[in-house]
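Here are my notes from an afternoon with this model. I wrote them down in the order I looked things up, so do follow along.

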Amino acid sequence: MSLIDEDTKAELIAMYSAPDRHYHGLAHIEAMLDLAGEYHTALSDPEAVEAAIWFHDAVYDSRRNDNETKSAEFAARRLSGRTDRERVDLVGKMIEATATHQVPEFATNTARMDAAFFLDMDLSVLGALPEQYDSYEEAIRREYAWVGEAAWRAGRTAVLKNFLSRSRIYHTDNFRLRYEAQARENMARSLARLA
């Protein structure tokens, strides 16, 4: 059973359908939900992962640096009373982890693995086919249209270099085998364009 009632889902769909959501919109959520369905049997709490997907970019303003915290707080308010506090906290920790894409510490390995899958789903676009990846990059740039070109190039270069410097972009073997090589190629190509 879904942790999200129909009224909340309708509210989230409206939020993700806002005109300034060039990448962080409904298509991104749907793509992640498709992956969650594909990896359903690998998840110990698929409903919590689904909730994290729905809420993780609910609050999104490219001028702010607290979107993840605000999205987690929004999730906690909407999920309160629909499940126990432990699951609400799990969803919140997964959402907040999208700020760094590092798996947070959890009391159980199953929760840690669910978070790893969730974070990998969020970054799957990095390993998309080149034309899909390029569309993603263009959409992100539109979300940051208010940033001047020099500042954009510097900031985006730093983000891409951070990911490329990691020994692994993806936390799970499933996603590493499926996306890692292509993600590194895509980001290297982006860096060359930004240079």
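**Entry 1: Leu-119 and its surroundings**

I began with the contacts of Leu-119: setting aside neighbours within four places in sequence, I found Met-94, Ala-97, Thr-98, His-101, Gln-102, Val-103 and His-171 in contact with Leu-119. I note here that this is a predicted model.

Where does Leu-119 sit? I placed Leu-119 in helix α6. Is Leu-119 buried or exposed? The relative accessible area came out at 1%, under the 20% cut-off, so I put Leu-119 down as buried. I also looked up the pair Leu-119 and Leu-43, which lie 76 residues apart along the chain, and noted 13 Å between their C-alpha atoms.

**Entry 2: His-101**

One of the contacts of Leu-119 is His-101, and I gave that residue its own page. I traced His-101 to the loop between α5 (85-97) and α6. Its phi caught my eye: the angle is near 60 degrees, a positive value in a residue other than glycine. How accessible is His-101? I read 8% relative accessibility, so His-101 goes on my list as buried.

**Entry 3: helix α3**

Next I turned to α3, asking how many of its residues are buried. The count is 9 of 10, so I describe α3 as largely enclosed by the rest of the structure. My list of the buried residues reads Pro-46, Ala-48, Val-49, Glu-50, Ala-51, Ala-52, Ile-53, Trp-54 and Phe-55. What do they pack against? I found α1 (6-16), α2, α4, α5 and α6 as partners of these buried residues.

I then followed one of those partners, α6. Helix α3 (residues 46-55) and helix α6 (residues 109-122) pack at an angle of about 35 degrees, and I noted 10 Å between their axes. The crossing of α3 past α6 is right-handed. From α3, the contact uses Val-49, Ala-52 and Ile-53, and from α6 it uses Asp-114, Phe-118 and Met-121. Sorting these residues by class, I got 5 nonpolar, no polar and 1 charged.

**Entry 4: the largest pocket**

I moved on to open space. Rolling a probe the size of a water molecule over the atoms shows where empty space is left.

The largest pocket has a volume of about 830 Å³. Which residues lie nearest its centre? Of the 34 lining residues, I wrote down His-24, Glu-68, Tyr-144, Arg-156 and Val-159. I found that α4 (67-79), α7 (130-143) and α8 (149-165) each give at least two residues to the lining. The largest share is that of α8, with 8 residues. By class, I listed 16 nonpolar, 10 polar and 8 charged residues in this lining.

**Entry 5: the second largest pocket**

For the second largest pocket I noted a volume of about 400 Å³. It is lined by 18 residues, and closest to its centre I found Tyr-23, Ala-31, Val-125, Ala-128 and Gln-132. The elements that supply two or more lining residues here are α2 (26-38), α6 and α7. Which of the elements gives the most to this lining? That is α2, with 6 residues. My class tally for the lining of the second largest pocket is 11 nonpolar, 5 polar and 2 charged residues.

**Entry 6: looking back**

Helix α6 kept coming up on these pages: it holds Leu-119, it packs with α3, and it helps to line the second largest pocket. Helix α7 also turned up for both pockets, in the lining of the largest and in that of the second largest.

Technical notes:
Residues numbered from 1 in each chain as written. Predicted model: local features only at pLDDT ≥ 70, side-chain atom pairs only at ≥ 80, totals over all residues. Heavy atoms only, no water. Axes fitted to C-alpha atoms, helices over the stretch in contact; angles between N-to-C directions. Helix = DSSP H or I, 4+ residues; strand = E, 2+ residues; numbered from the N terminus. Left-handed = near helix turned anticlockwise from the far one by under 90°. Contact = heavy atoms within 4.5 Å. Nonpolar A, V, L, I, M, F, W, Y, C, P; charged D, E, K, R; others polar. 1 Å grid on protein atoms, 1.4 Å probe; cavity = no way out; pocket = protein on both sides within 12 Å on 5 of 7 lines; lining within 4 Å. Points joined across faces, edges and corners; volume = space filled by probe spheres on them. Buried < 20%, exposed > 50% of the residue type's maximum accessible area, 1.4 Å probe, protein only.
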